[in-house]
Amino acid sequence: MSVKIELLNPSLNKKDFSCGAAMLDNYLHTQASQDVKRKLCVVFAMFEDTTIKGYYTLSNASIPADLMPEAIKKKMPGSYKALPVTLLGRLAIDVKFKGQGLGGILLIDAIKRSFSVAGESLGSIGVVVDPLDEGAVAFYKKFGFILLPDSGKMFLPMADVALLWL
Ligand SMILES: CC(C)(COP(=O)(O)OP(=O)(O)OC[C@H]1O[C@@H](n2cnc3c(N)ncnc32)[C@H](O)[C@@H]1OP(=O)(O)O)[C@@H](O)C(=O)NCCC(=O)NCCS
């Protein structure tokens, strides 16, 4: 059976997922399905058979224009005080499967999905993440995310996605 990345569905075993960050584990165990029902986010799972190896969430968000680096800000109309972005709210790989490149595969899937939606049905100038710790910052940097000043957030412009990943 090969690894798939699809919307979270009830046949998958959520309760045994363990990534080492209790907040991200608890979210999948208890809250993810309800958030999907309420349309707060979508949840994609990477799985083999019924085993969830990783997951991520996407939702709409906006970010104050003042947080953007000058090079990006100057390309935007000054009338936009907040800019539309895609929030990669959570991304995690089960500890049993870390260090095998799966986090990168999952992240690229999230980026490509965000880019294709932004190109077709919803405005979004880039993907934003809130990294949990320094390890996560290093992980996201590898994939082209930049730190936004004074916020702890990281950002990957859609314009870079077109250059880097497509
Ligand atoms: C961060 C996380 C998703 C990485 O998953 P993973 O499957 O182990 O990552 P990969 O094997 O795909 O690694 C991809 C690249 O990122 C690097 N990387 C991964 N974790 C890293 C870390 N903690 N520090 C520095 N670099 C890291 C890898 O070395 C690799 O680089 P390479 O291609 O040059 O070898 C995973 O460790 C995790 O779920 N952590 C807990 C939750 C978390 O922090 N989520 C992100 C913030 S919400």
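A polar contact is a pair of N or O atoms within 3.5 Å. The exercises below apply to a predicted model.

**Exercise 1.** Determine which backbone nitrogen a side-chain oxygen of Asp-133 approaches at the start of H4.

*Solution.* Step 1: the side-chain oxygen of Asp-133 comes to within 3.1 Å of the backbone nitrogen of Gly-135. Step 2: the cut-off for a polar contact is 3.5 Å. Step 3: beyond the other end of the helix, H4 is followed by Gly-144, which has a positive phi near 95°.

**Exercise 2.** Establish how the buried and exposed residues of helix H4 are arranged around its axis.

*Solution.* Step 1: within H4, which spans residues 134-142, the residues Ala-136, Val-137 and Tyr-140 are buried. Step 2: viewed down the helix axis, these buried residues lie within an arc of 105°, and therefore they line one face of H4. Step 3: exposed Glu-134 and Lys-142 are carried on the face turned away from the buried side. Step 4: the cover over the buried residues includes helix H3 (102-120) and the strands E4 (82-93), E5 (126-129), E6 (146-147) and E7 (154-157).

**Exercise 3.** Trace the strand pairing from E2 through E3 to E4.

*Solution.* Step 1: strands E2 (residues 42-48) and E3 (residues 51-64) run antiparallel and are joined by 7 bridges. Step 2: Val-43 has Thr-57 of E3 as its bridge partner. Step 3: the hairpin of E2 and E3 has 2 residues between the strands, and Asp-49 adopts a positive phi near 55° there. Step 4: E3 also pairs with E4, in the antiparallel sense, over 11 bridges. Step 5: Pro-64 has Ala-82 of E4 as its bridge partner.

Terms used. Residues are numbered from 1 along each chain as its sequence is written. This is a predicted model: local features need pLDDT of at least 70, side-chain atom pairs count only at pLDDT 80 or more; totals for chains, interfaces and linings use all residues. Side-chain values use heavy atoms; hydrogens and water are left out. Buried means under 20% relative accessible area, exposed over 50%, partly exposed in between (1.4 Å probe, protein chains only). Helices (H or I, at least four residues) and strands (E, at least two) are DSSP runs, numbered from the N terminus. The arc is that of the directions from the helix axis to the C-beta atoms. Contact means heavy atoms within 4.5 Å. A polar contact is a pair of N or O atoms within 3.5 Å; within protein, one must be able to donate a hydrogen and the other to accept it, and residues adjacent in sequence count only if both atoms are side-chain atoms. Two strands pair if DSSP finds at least two bridges between them.
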